[in-house]
Amino acid sequence: MAYQSITDQQLRLYMTDLKNHSQCTSAARAGFSERTARRFDADPTPPSQRKIVHGRTVSDPLEGYWENDILPVLENDNALQAVTLLRHLQGLHPLAFPDDRIRRTLERRVRQWRALKGPERDIIFRQTPEPGYMAQSDFTHAAELEVTIAGAPFPHLLYHFAMVYSRWEHVGVVLGGESFTALAENLQQALWALGGVPQNHRTDSLSAAFRNLTRDECEDITKRYEAFVGHYGMDASRNNRGEAHENGAVESQNRHLKKAIAQALILRGSRDFASVAEYRRFIDMLVARRNRQRMEAVEVEQLHLKPLPPRRTTDYTEVIVPVTRMGGFRVKSIFYSAPSQLIGQRLRIHLYDDRLDAFLGSTLVATHPRGRGRNDGHRVHVINYHHVIHALKRKPQALWSSIYRDSLFPRTEYAQAWEVLQHSLPRRDACRRMVALLFIAHDQACEAELARLLADDLGSGLIPDPKTLATQLTPKHAVLPKDVVVSHPSLDSFDALLEVRA
């Protein structure tokens with residue numbers, strides 16, 4: 001019990017009992033500690049007559065140092081931390097401050113100074129959302145979800161679109177970085193899924209889209225983004241750098257979204273997906289369930305949205321590239337194959353986040369999944385074996401040392417077959433057999449079926465033989481009847497039908 005909380009009555013009881021009992025017993029009967037009893041023995045003044053003295057019980061360790069050494073540098077730059085100021089003091093007065101004993105005292109003093117005399121701080125003004133007014137976009141890393149595709153790690157981002165009023169959201173899986181292409185493609189999908197256009201679209205300054213770019217490239221992206229939002233009649237706004245709360249409607253939902261995905265993955269029982277398309281369907285179904293809970297607010301918001309334009313706008317990056325004698329073209333340091341007939345032609349490439357489409361004039365001539373550069377410096381090739389198989393058939397030995405040989409095989413079974421062939425046969429025979437296998441897959445359009453047969457042979461320890469496999473792929477001839485009798489109906493039967501109808 002605190003000394004100041006003792007009453008005069010307790011003191012009188014203690015003094016009376018002290019005549020017949022020990023100090024410890026008398027204090028216990030009075031309701032306070034033996035330590036408090038010793039204080040009363042030294043000074044029997046009743047508590048009601050005592051004066052409570054407020055103030056320090058020990059000397060100030062910063063006396064003389066706060067005003068002279070700390071306050072001047074703190075006023076010059078208030079961002080200095082207490083531990084930095086302590087190191088400053090230790091440098092000036094090593095004998096007075098040999099250790100960190102005063103750190104907590106200094107932290108409290110600095111905190112009190114900032115509260116009383118520090119600079120004014122920003123205030124967050126909570127807003128009342130208006131239906132149909134603002135939508136926000138953001139990219140968030142999804143590494144914590146630990147998703148794999150066919151057993152391989154799948155590094156990716158999630159594009160997150162959210163309406164501020166109804167909290168309706170759209171989520172896209174982004175394979176690359178925070179680029180204009182990824183933003184435009186997913187934002188356009190979100191607007192058409194929503195069925196209308198908000199008045200304002202806010203982002204986090206698109207910092208990733210402008211990083212490490214030249215001035216001309218930055219201006220080009222800015223112009224394309226302005227043209228994009230102009231096509232939909234939206235106003236574009238960006239929150240101030242470092243002020244994430246200004247994009248808070250989507251920033252706060254990022255955390256809830258990833259938590260919901262993680263929970264759904266646990267219920268699913270596996271974080272592995274057969275393909276990116278399957279993972280995207282999983283995300284779409286989850287987001288659709290979340291949006292169903294917001295339908296009442298969405299219906300209100302849709303009344304205030306502007307109508308969509310008659311058509312979509314450009315949501316890709318366009319580049320013009322020549323097809324070289326190597327049978328392909330290069331986009332962003334990645335080599336892509338093309339049909340050999342296009343050698344010498346210039347193609348117009350539509351570059352999306354996950355794919356690219358190649359056009360000759362207005363004709364689509366090739367489509368590839370988009371390749372990504374590697375950190376080890378090795379060049380990346382994206383090859384469609386259908387484009388080069390006829391040239392390889394004429395020159396099968398070119399397969400052995402081709403720089404894009406490992407990118408040529410359409411499935412893992414073909415790559416495994418090549419490993420067996422090159423270790424089991426002479427170079428010439430290995431190349432001929434591998435090219436023959438690829439030609440069978442191309443000519444008979446049986447890539448998946450041939451892959452299954454290759455897996456069976458490899459599992460049995462057999463060396464794949466194109467001739468044997470081709471016979472297994474040959475369709476069985478159906479036995480047709482020798483005599484087919486066709487009876488023609490009488491024309492009078494048609495007249496009878498017409499009479500009934502009349």
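**Exercise 1. Work out how helices H5 and H6 pack against each other, and which residues touch.**

Helix H5 (residues 82–92) and helix H6 (residues 103–117) pack at an angle of about 120°, with their axes 9 Å apart. Helices here are DSSP runs of H or I with at least four residues, numbered from the N terminus. An axis is a line fitted to C-alpha atoms over the stretch in contact, and angles run from 0 to 180 degrees between N-to-C directions. This is a predicted model, where local features need pLDDT of at least 70, side-chain atom pairs count only at pLDDT 80 or more, and totals for chains, interfaces and linings use all residues. Residues are numbered from 1 along each chain as its sequence is written, and side-chain values use heavy atoms, with hydrogens and water left out.

Step 1: name the orientation. Under 35 degrees counts as roughly parallel, over 145 as roughly antiparallel, 65 to 115 as roughly perpendicular, and the rest as oblique. H5 and H6 are therefore oblique to each other.

Step 2: list the contact (heavy atoms within 4.5 Å). H5 brings Ala 82, Val 83, Leu 85 and Leu 86, while H6 brings Arg 103, Leu 106, Glu 107 and Val 110.

Step 3: sort them. Ala, Val, Leu, Ile, Met, Phe, Trp, Tyr, Cys and Pro count as nonpolar, Asp, Glu, Lys and Arg as charged, and the others, Gly among them, as polar. You get six nonpolar, no polar and two charged residues.

**Exercise 2. Do the same for H14 and H15.**

Step 1: take the geometry. The axes of H14 (residues 412–424) and H15 (residues 427–443) come within 9 Å and cross at roughly 160°. That pair is therefore roughly antiparallel.

Step 2: look at who touches. Among the contact residues are Tyr 414 and Trp 418 of H14, and Met 434 and Leu 438 of H15.

Step 3: sort again. This contact has ten nonpolar residues, one polar and one charged.

**Exercise 3. Find the residues at the heart of the contacts in the largest nonpolar core.**

Step 1: know the term. A nonpolar core is a set of buried (under 20% relative accessible area) Ala, Val, Leu, Ile, Met, Phe, Trp, Tyr and Cys residues joined through side-chain atoms within 4.5 Å.

Step 2: pick them out. Of its 33 residues, Leu 399, Leu 408, Tyr 414, Trp 418, Met 434 and Leu 450 touch the most other members.

Step 3: find the main contributor. H15 gives the largest share, nine residues.

Step 4: zoom in on Tyr 414. Leaving out residues up to four places away in sequence, Tyr 414 touches several residues, including Phe 409, Met 434 and Leu 450.

Note on methods. Helices (H or I, at least four residues) and strands (E, at least two) are DSSP runs, numbered from the N terminus. Buried means under 20% relative accessible area, exposed over 50%, partly exposed in between (1.4 Å probe, protein chains only).
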